[in-house]
Amino acid sequence: MFLCCCEDVTLREWRQAYGEGFSEMESLKRYTGLGTGFCQGKRCLSEAAAELAALRGAEPATIRLTTIRPPAEPLTFAELAALDLDAPGAVPRADGRAALPAPTAPEEES
């Protein structure tokens, strides 16, 4: 049974990682890759948190979820192609490839 279909992480692998000592969502995510695929955890993090709560014998609400890093939403190729790499603050690369766009703060939800 797959717990994370994007990264092919099975429930067995999740439980095995927990048995190896990865007892926090963040360390389990980094070890297994769960939540790092195309959906960025939208389809699997709540199930993984519920499974971790069951392994700990705790309430699901007590499980601390993983750190969310931008981009919080998947980007389309059109959005990536439209980035202004010549904008002030763009980060040049040492290997001569195109610069990375300037970092932006996440938008506030209204």
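Leu80 sits in helix H4, which spans residues 77-81. In this predicted model, Leu80 comes out partly exposed, at a relative accessible area of 40%. It also belongs to a nonpolar surface patch, together with Leu75, Phe77, Leu83 and Leu85. Taken together, the five residues of that patch offer about 490 Å² of accessible area.

Helix H1 shows two faces. Within this run of residues 11-19, Leu11, Trp14 and Ala17 are buried. These three end up on the same side of H1 because they cover an arc of only 125 degrees around the axis. Flip to the other side of the helix, and Arg12 and Gly19 turn out to be exposed. As for what the buried residues of H1 pack against, the partners are two strands, E1 (2-4) and E2 (9-10), plus two helices, H2 (25-32) and H3 (45-56). Just past the end of H1 comes Gly21, with a positive phi of about 110 degrees.

Then there are the cysteines. Searching the whole structure for disulfides turns up zero. Cys39 is in no disulfide, and its nearest cysteine sulfur, which belongs to Cys6, lies 3.8 Å away. Cys44 is likewise in no disulfide, with the sulfur of Cys4 as its nearest, 3.8 Å away. Neither pair counts as a disulfide, because the sulfur atoms would have to be within 2.5 Å. Both Cys39 and Cys44 are buried: Cys39 has a relative accessible area of 11%, while Cys44 is at 2% relative accessibility.

How values were computed
Residues are numbered from 1 along each chain as its sequence is written. This is a predicted model: local features need pLDDT of at least 70, side-chain atom pairs count only at pLDDT 80 or more; totals for chains, interfaces and linings use all residues. Side-chain values use heavy atoms; hydrogens and water are left out. Buried means under 20% relative accessible area, exposed over 50%, partly exposed in between (1.4 Å probe, protein chains only). Helices (H or I, at least four residues) and strands (E, at least two) are DSSP runs, numbered from the N terminus. The arc is that of the directions from the helix axis to the C-beta atoms. Contact means heavy atoms within 4.5 Å. Patches are made of residues with over 30% relative accessible area and no salt bridge: like charges are joined within 9 Å, nonpolar side chains (Val, Leu, Ile, Met, Phe, Trp, Tyr) within 5 Å. Accessible areas come from the Shrake-Rupley method with a 1.4 Å probe; for residues, only the protein chains shown count as cover. A salt bridge is a side-chain nitrogen of Lys or Arg within 4 Å of a carboxyl oxygen of Asp or Glu.
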